[in-house]
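Student: I would like a close look at a single part of this model, the metal site and the ligand beside it. Please take it in one connected answer.

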Amino acid sequence: MAAFDTIIKGGTVVTARDTKRADVAIRDGKIAALGIDLGEAREVIDASGLLVMPGGIDSHVHLSQPSGPDIVMADDFESGTRAAAFGGNTMVLPFAMQQRGQSLREVVKAYHAAANGKCHVDVSFHLIIADATDAVLGQELPALVHDGYTSFKVFMTYEGLALSDMEMLKVMEVAREAGALVMVHAENYDAIRFLTDRLERAGQTAPKYHATSRPIPVEREATHRAISLAELIDVPVMIVHVSNREARDEIARAQKRGLKVYGETCPQYLVLTEKDLDGLNMEGAKYVCSPPPRDKDSQIACWEGLQDKTFSLFSSDHCPFRYNDPKGKLVPKGRTSFRWVPNGIPGVETRLPILFSEGVGKKRITLNEFVALTSTNHAKTYGLYPKKGDIAEGSDADIVMWDPQRQVRISQALMHGGTDYTPYEGIEVTGWPVSTIVRGKFVVRDGKLSGQPGDGQYVAREKSKLAEATR
Ligand code: URP
Ligand code: ZN
Ligand code: ZN
């Protein structure tokens, strides 16, 4: 009998640690051996000319999330994880979002029901805390952290989601006690409302004014405030989707002072700008997301943040809405003001190719940094390492086989999710995922779907090492 189920042979194995010529042997969904001449397997896969890397872990995606009256998110767990798999990801971390009045347990139950049997890649949930009641803070959150929901996001903006500073402090205190990691969406809600009202009064309601309503100081101020609140509580925080130099500098300064402050940035802040929102008619709605894409200097600052490790995570913030759809970006009210255009853009399928091509291809980051930023650091940050995010004996066999030479012009015709557009249309990339393997099983093989819904499983997480470190 063959010793292994599968051997991936002849590839170059890249991890966050090193790059080496090695074969990878898989048994029972786990990596069983690494090396040359590993012996017999039931199946031997030829990986010559390919990179063999830990599958991408996208720790910031939104799937099947209620998004307001008459708006429907374009991806459920089936289509969203299918797109993720085609993009070289083996795991995603969507949010289970509480709405005011809901118990967190109810929320978690509903998201499990939505995901169960549908996923192509593994999933685990962050919580979104919108209603910091005594029951949520006192009972539900500590119990949920114990059960493996070890990170939660708080919003400083958005109607129905924004927490007051008092509520943020209370959530942070619970996180500190429970050993959970707090993720912060840092934009000043009152400032955005003030600017939005003023723009509307002036008749400036087209999608491009979404960016005008959320200028850099709005993000910088909230980033500074979130860091200050976290410092008061002495709790680690992850500032998510950072878009510009000033917010980045707030994080870098806090890190220099020894605070446990971490940062995440996303593809939209590397390759899009505010000008993309300036399309004809409603075309700009395709790029409405928060924080908005900025300018060339902000792009440079985000690259620097990845290079100097101010940002440890590169996520997509995949938040998909169809464009040509009255329940999506073209919701009728959105024509009256950018205020009503659903916030968020798709990106789970294009995250890896964009960072590989623009980052590794243009020598801004190394191959090993690419793996760290797209996979290993996500596993380490969110209590999944070393089960996920590595190619090492004993880790789950979550692998992307990658063609570093393949040239692709990104286009919607190549995408596999539920949206009808990609904001990255026309971008030329070099480097593309060929096959994606989840716990030893091909879910995408040579560019074709080879798995089925249900291949992906729910994963309960350990506490974040970053959160444990302060205790
Ligand atoms: O515009 C965005 N980013 N929508 C997704 C929700 C969020 O704030 O992450
Ligand atoms: Zn956010
Ligand atoms: Zn998000």
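Student: Which polar side-chain atom lies 3.2 Å from an oxygen atom of ligand 1?

Tutor: That atom belongs to Y158. Before the details, note that this is a predicted model, in which local features need pLDDT of at least 70 and side-chain atom pairs count only at pLDDT 80 or more, while totals for chains, interfaces and linings use all residues. Residues are numbered from 1 along each chain as its sequence is written, chains are lettered from A and ligands numbered from 1 in the order in which they are written, and side-chain values use heavy atoms, with hydrogens and water left out.

Two further atom pairs involve ligand 1. An oxygen atom of ligand 1 is 2.8 Å from an N or O atom in the side chain of K153, and an oxygen atom of ligand 1 is 3.3 Å from a polar backbone atom of G344. The protein covers 97% of the 260 Å² of accessible area that ligand 1 has on its own; such areas come from the Shrake-Rupley method with a 1.4 Å probe. In total 13 residues surround ligand 1, where a residue is near a molecule if one of its heavy atoms lies within 4 Å of it. The closest are H62, K153, H185, S290 and D317.

H62 and D317 also belong to the metal site. The zinc ion (ligand 3) has as protein donors H60 through NE2, H62 through NE2 and D317 through OD, at 2.0 to 2.1 Å. Donors are N, O and S atoms within 2.8 Å of the metal (3.2 Å for Na, K and Ca), and water is not among the atoms, so sites may look incomplete. Around the zinc ion (ligand 3), the four donor atoms subtend angles of 90 to 124 degrees, and the arrangement is therefore tetrahedral; for four donors, that term requires all angles to lie between 85 and 135 degrees.

The donor residues are spaced H-x1-H-x254-D in sequence. The pair H62 and D317 links distant parts of the chain, 255 residues apart: H62 sits in the loop between β8 (56–61) and α1 (77–86), and D317 in the loop between β16 (311–314) and α11 (351–360). Helices (H or I, at least four residues) and strands (E, at least two) are DSSP runs, numbered from the N terminus.

H62 counts as buried because its relative accessibility is 4%, and D317 counts as buried because its value is 7%. Buried means under 20% relative accessible area, exposed over 50%, and partly exposed in between (1.4 Å probe, protein chains only).

Technical notes: Tetrahedral: all angles 85-135°; square planar, octahedral: opposite > 155°, others 65-115°. Polar contact = N/O pair within 3.5 Å; in protein donor to acceptor, adjacent residues only side chain to side chain.
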